[in-house]
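Here's a quick briefing to get you started with this structure. Take a look at the sequence and the model, then read on.

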Amino acid sequence: MPKAFYRRNLPHLQRDYKPHFLTFCTHQRWILPDAAREIALGSCLHDKDTKIDLWAVVVMPDHVHLIFTPLVNVQASEAYSLAEIMDAIKGASAHKINRQLGRTGKVWQTESFDRVLRKSEKLDEKVQYILDNPVRGGLVSSQEQYRWLWYKELENPYKPDPLT
């Protein structure tokens with residue numbers, strides 16, 4: 001069974017079947033070039049629907065925000081751990097970014113900030129926070145203009161069928 005709590009420098013708490021809000025930053029707040037942001041976004045999307053139920057992700061110039069729910073590893077009969085998920089995202093993206101840019105060294109800070117979203121916090125409000133991040137940061141005037149952003153379209157069961 002994976003640890004529900006572990007500590008590096010920051011405490012990390014995981015809860016099964018709960019959405020988690022995560023932020024990780026570049027090493028020494030390095031500004032990611034466009035190609036690196038593309039790679040980082042692809043790495044965040046890679047395990048969507050296999051290890052994580054991804055709700056939203058945005059790759060900012062020097063950090064990444066994600067909201068996801070860890071899925072269950074059927075073979076191990078346990079949820080994928082935050083450590084395993086984050087190691088895969090950060091490790092794969094760092095290798096690809098360094099190879100693409102012909103550089104070596106750290107891309108990401110070792111630690112990430114994570115927290116379990118509580119019942120009182122509305123998931124759609126946290127997703128909107130992520131979607132608004134590039135606008136708040138002054139990078140674009142609307143979220144639709146930002147290339148390194150992805151979110152899950154939520155289905156509305158009460159939405160009427162389109163007219164034919």
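Y17, V72 and V74 together make a nonpolar patch of about 350 Å² on the surface. Keep in mind that you're looking at a predicted model. The points below start with that patch and then move on to the strands, the loops and the chain as a whole.

**The nonpolar patch**
- If you're hunting for V74, try the loop between β6 (72–73) and β7 (78–79).
- V74 is an exposed residue, because its relative accessible area is 68% and anything over 50% counts as exposed.

**Strands β3 and β8**
- Strand β3 (residues 20–25) and β8 run antiparallel, and four bridges join them.
- Want a spot to line the two up? F21 stands opposite R115 in β8.
- Which side chains of β8 (residues 113–116) are buried, and which are not? D114 and V116 point to one face and are buried, while F113 and R115 point to the other face and are not buried.
- That fits a general pattern: in a regular strand, side chains alternate between the two faces of the sheet.

**Two loop residues with positive phi**
- R29 isn't a glycine, yet its phi is positive, at about 55°.
- You'll find R29 in the loop between β3 and α1 (34–46).
- Is R29 buried, partly exposed or exposed? R29 counts as partly exposed, because its relative accessibility is 41% and that class lies between the buried limit of 20% and the exposed limit of 50%.
- D49 is another non-glycine residue with a positive phi, this one near 75°.
- The place to look for D49 is the loop between α1 and β4 (52–59).
- D49 has a relative accessible area of 52%, so it counts as exposed.

**The chain as a whole**
- How many helices and strands are there? The chain has three helices and nine strands.
- Reading from the N terminus, the order of elements is β-β-β-α-β-β-β-β-α-β-α-β.
- The chain has 164 residues, and 44% of them count as buried.
- Take the contacts in the chain with a separation of 6 or more: 65% of these are between residues 24 or more positions apart.
- The accessible surface of the chain adds up to about 9,900 Å², and carbon and sulfur atoms account for 53% of that surface.

Conventions:
Residues are numbered from 1 along each chain as its sequence is written. This is a predicted model: local features need pLDDT of at least 70, side-chain atom pairs count only at pLDDT 80 or more; totals for chains, interfaces and linings use all residues. Side-chain values use heavy atoms; hydrogens and water are left out. Buried means under 20% relative accessible area, exposed over 50%, partly exposed in between (1.4 Å probe, protein chains only). Two strands pair if DSSP finds at least two bridges between them. Contact means heavy atoms within 4.5 Å. Accessible areas come from the Shrake-Rupley method with a 1.4 Å probe; for residues, only the protein chains shown count as cover. Patches are made of residues with over 30% relative accessible area and no salt bridge: like charges are joined within 9 Å, nonpolar side chains (Val, Leu, Ile, Met, Phe, Trp, Tyr) within 5 Å. A salt bridge is a side-chain nitrogen of Lys or Arg within 4 Å of a carboxyl oxygen of Asp or Glu.
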